[in-house]
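Subject: Structure handover

Dear colleague,

Here is the structure I said I would pass on. Please look it over first; my notes on what was found follow below it.

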Amino acid sequence: MAETVFVSEGVKVAGQSTEKEISGKNDLYQLFQNTPIPKDHVLDNLGLYIRRQSLSRILFMHELYKKILDLQGIICEFGVFWGQNLALFESFRGMYEPYNYTRKIVGFDTFEGFAAINEKDGTAEIIQKGAYAVTKGYEEYLNQLLQYHETLSPIPHIKKYELIKGDAAETIKKYLADNPETIIAFAYFDFDVYEPTKVCLEAILPHLTKGAIIGFDEINFHTFPGETKAFDEVLGINRYKIYRDRNNPIPSYIVYE
Ligand SMILES: C[S@@+](CC[C@H](N)C(=O)[O-])C[C@H]1O[C@@H](n2cnc3c(N)ncnc32)[C@H](O)[C@@H]1O
């Protein structure tokens, strides 16, 4: 089945689910909404409702996080959307290195979807300005969630996350100028599109420690050719071993050497 655009309450994303898969997901959501589990128990039992696809993504993020434990540097996610990865990184930090208060977690997003489209992004239907925009004011809600996770971890008085709102092709330069001490141990690229991927990759190169992990969510993927193009132009497909995750067809990473 070809990639198509799914719209839910105005939020546009790409997908290739069948009718059967969509209806199965709706059924699961109904079961979740009508849960007979008392509210004090629901959050401790979310595994009941996590689908294989979502679980495999969580496990992939966990694998990547474990690879940077001995590296100095911050974590950047380029393309946040609802921010699940940022919350996961906060939990992994709390689990594996609760006292590493220099392991800042920084998320870059317009929170208004794709900002700039380039001809290298191809012609898939999802390639349009504003795709992947979150609901209005969502970043405030995400900020509260990230603050909550941090408050429950050690050293809560030092803020260790940041949300940088705006076109990352612009905001990355200001962030690095404002934080000249930045060393990056882990960067996860999930803008999907060419221009911000290329600009941010180029900008972070001088800040990457040797051995840093750079993840790419949409590489070698026909719907979003721009991400692979940006990777090739900045790093070079032939110059790196591009590892994939055995549980996921697309997400990949390199070790920066
Ligand atoms: C596929 S979503 C990210 C998904 C997220 N990483 C996850 O795992 O759920 C792509 C995100 O990139 C953001 N984005 C695309 N172009 C951008 C740009 N030029 N500057 C900042 N954010 C951008 C969109 O707003 C969108 O939230």
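This is a predicted model, so please read what follows with that in mind. I start with the sheet, go on to the helices, and end with a few single residues.

**The sheet**

Seven strands form an open sheet with mixed pairing, in the order β5-β4-β3-β6-β7-β9-β8. The edges are taken by β5 and β8; each has a single partner strand, so one side of each has no neighbour in the sheet.

On the parallel side of the pairing, strand β3 (residues 74–78) joins strand β4 (residues 105–109) through four bridges. One position to look up there is F78, whose bridge partner in β4 is F108.

Two helices can be placed against the sheet at this point. Helix α3 packs on it and touches β3, β6 (184–189), β7 and β9, with a direction at about 155 degrees to that of β6. Helix α7 (residues 194–204) also packs on the sheet, where it touches β3, β6 and β7; the direction of α7 makes about 175 degrees with that of β6.

Antiparallel pairing is found further along the order. Strand β7 (residues 208–216) pairs with strand β9 (residues 252–255) in the antiparallel sense, over four bridges. Within that pair, V255 in β9 stands opposite I213. Strand β9 also pairs with strand β8 (residues 243–244), again in the antiparallel sense, over two bridges. Here Y243 has Y253 in β9 as its bridge partner.

**Helix pairs**

A word on the description used: for two packed helices, one gives the angle between the axes and the distance between them.

For helix α3 (residues 52–66) and helix α4 (residues 84–96), the angle is about 50 degrees and the axes lie 10 Å apart. That angle makes α3 oblique to α4. The crossing of α3 past α4 is right-handed. On the α3 side the contact is made by R57, I58, M61, H62, Y65 and K66, and on the α4 side by Q84, N85, L88, F89, F92, R93, M95 and Y96. Sorted by class, the residues of this contact are eight nonpolar, three polar and three charged.

For helix α6 (residues 168–178) and α7, the axes come within 8 Å and cross at roughly 15 degrees. The two helices, α6 and α7, are therefore roughly parallel to each other. This crossing of α6 past α7 is right-handed. A168, A169, I172, K173 and L176 in α6 are met by E195, P196, V199, C200, A203 and I204 in α7. The contact of α6 with α7 holds nine nonpolar and two charged residues, and no polar ones.

**Single residues in loops**

The loop between α5 (138–151) and β5 (161–165) holds K160. Is K160 buried or exposed? K160 counts as buried because its relative accessibility is 2%, and the cut-off for buried is under 20%. Apart from neighbours within four places in sequence, K160 is in contact with R93, Y101, R103, K104, I105, E150, P154 and I155. Of these, R93 also takes part in the contact of α4 with α3.

I155, one of the contacts of K160, lies in the loop between α5 and β5 too. I155 is not a glycine, yet its phi is positive, at about 55 degrees. With a relative accessible area of 18%, I155 is buried.

A positive phi is also found at E9, about 50 degrees, and E9 is not a glycine either. E9 sits in the loop between β1 (4–8) and β2 (11–15). Its relative accessible area is 78%, which means that E9 is exposed.

The last residue is D190, in the loop between β6 and α7. D190 counts as buried, at 18% relative accessibility. Which residues does D190 contact, leaving aside its neighbours within four places in sequence? They are R57, F78, G79, D217, E218 and E227. Among them, R57 belongs to the contact of α3 with α4, and F78 is the bridge partner of F108 in β4.

Regards

Key
Residues are numbered from 1 along each chain as its sequence is written. This is a predicted model: local features need pLDDT of at least 70, side-chain atom pairs count only at pLDDT 80 or more; totals for chains, interfaces and linings use all residues. Side-chain values use heavy atoms; hydrogens and water are left out. Buried means under 20% relative accessible area, exposed over 50%, partly exposed in between (1.4 Å probe, protein chains only). Contact means heavy atoms within 4.5 Å. Two strands pair if DSSP finds at least two bridges between them. Axes are lines fitted to C-alpha atoms, for helices over the stretch in contact, and angles run from 0 to 180 degrees between N-to-C directions. Angles under 35 degrees count as roughly parallel, over 145 as roughly antiparallel, 65 to 115 as roughly perpendicular and the rest as oblique. A crossing is left-handed if the near helix is turned anticlockwise from the far one by less than a right angle, and right-handed if clockwise. Ala, Val, Leu, Ile, Met, Phe, Trp, Tyr, Cys and Pro count as nonpolar, Asp, Glu, Lys and Arg as charged, and the others, Gly among them, as polar.
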